[in-house]
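Reader: Hello! I'm new to this structure and would love a close look at one part of it. Could you take me through a sheet, and then a few residues elsewhere?

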Amino acid sequence: MAPTADDAGVGGPLTKHRQQIIEYVKKSLTFTIFDTKWIPSSARFVAVGNYPRNTGCIFVYQLSNGELKQLKELEQPNPLKCCTFGQSPEEERHVAVGDFQGNLQIWDTEKWDKPLASFKAHQTIINSIDGALHAGPPEIATGSRDGCVKVWDARQRDAPVAALEPASAQTARDCWCVALGNSYNKLERVVVSGYDNGDIKMFDLRTMKMRWQTNINNGVCGLDFDRPDIEMNKLMASSLEGRVRVFDLRTQHPTIGFSHLGE
């Protein structure tokens, strides 16, 4: 049977390998959500953002019989920008949250009476956060408008494990995204950061040295490793104007760097 008009895509007839994203459930909200993360090994997720009165909000939702059921609503003094479960073992389910004033909080998703930890991580908004556990220590990476990228040990919060700071506050570039990867044993780990001017920087947390940097000409909106718990393989970077680049991290040229494909 020939494909009908409904079966055909915009660019031509239906192909066997065409991917589809199907909406499962939709819910209208009266507040702004900036980030959502699934709670590990559950049908629940955490959403963070802000109310119209410029205070922060944390919501916990559960998928139930094809609908979203609200389980928890929590208001905070400052709007919340980002969150991650990456540093937490599955049995603990601790979420790390960054807010617009540079504060970093860690919450137990089973007990919302008070945060497990709350401290000043940056001078201004935390734009991005990522966590890593895998074979190494539980660590959290944060990137901020102040141009700093910091890596924190979730077990000790007095000072960052590593801090990548600009030479001067006047020349600081806005860090839009961070990602942790290469965590294939207890020693190896890298943090990658992307900036508003198109810079991408990779810092080795074992040697405490800059491992690689490049510029992709557009602000870097997102960074993600294909698998953060193996030796570096692929890094995907998305940028303004809808561009996506995939870097092959298996071989590094001493002058050219990593090969990549862009679209």
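Author: Here is a walk through one sheet, followed by a strand residue and the cysteines. Please keep in mind that this is a predicted model.

Let's begin with the open sheet, which is built from four strands in the order β9-β10-β11-β12, with antiparallel pairing. At its edges lie β9 (126-132) and β12 (162-164), and each of these pairs on one side only. On average, neighbouring strands in this sheet are turned by 15 degrees against each other, direction ignored.

Now zoom in on strand β11, which covers residues 149-153 and is joined to β12 by three bridges. These two strands run antiparallel. To find a bridge by eye, look for Val-151, whose partner in β12 is Ala-162.

Next, move to strand β2, residues 44-50, where you will find Asn-50. Asn-50 counts as buried, at 13% relative accessibility. Leaving aside residues up to four places away in sequence, Asn-50 touches several others, including Phe-31, Thr-32, Phe-34 and Pro-79.

Finally, the cysteines. How many disulfides does a search of the whole structure find? The search finds zero. Take Cys-82: the closest cysteine sulfur belongs to Cys-83 and is 7.3 Å away, so the two are too far apart for a bond. A disulfide would need the sulfur atoms within 2.5 Å. Cys-221 is in no disulfide either, with the nearest cysteine sulfur, that of Cys-177, 7.4 Å away. As for their surroundings, Cys-82 is buried, with a relative accessible area of 4%, whereas Cys-221 is partly exposed at 40%.

Terms used. Residues are numbered from 1 along each chain as its sequence is written. This is a predicted model: local features need pLDDT of at least 70, side-chain atom pairs count only at pLDDT 80 or more; totals for chains, interfaces and linings use all residues. Side-chain values use heavy atoms; hydrogens and water are left out. Buried means under 20% relative accessible area, exposed over 50%, partly exposed in between (1.4 Å probe, protein chains only). Contact means heavy atoms within 4.5 Å. Two strands pair if DSSP finds at least two bridges between them. Axes are lines fitted to C-alpha atoms, for helices over the stretch in contact, and angles run from 0 to 180 degrees between N-to-C directions.
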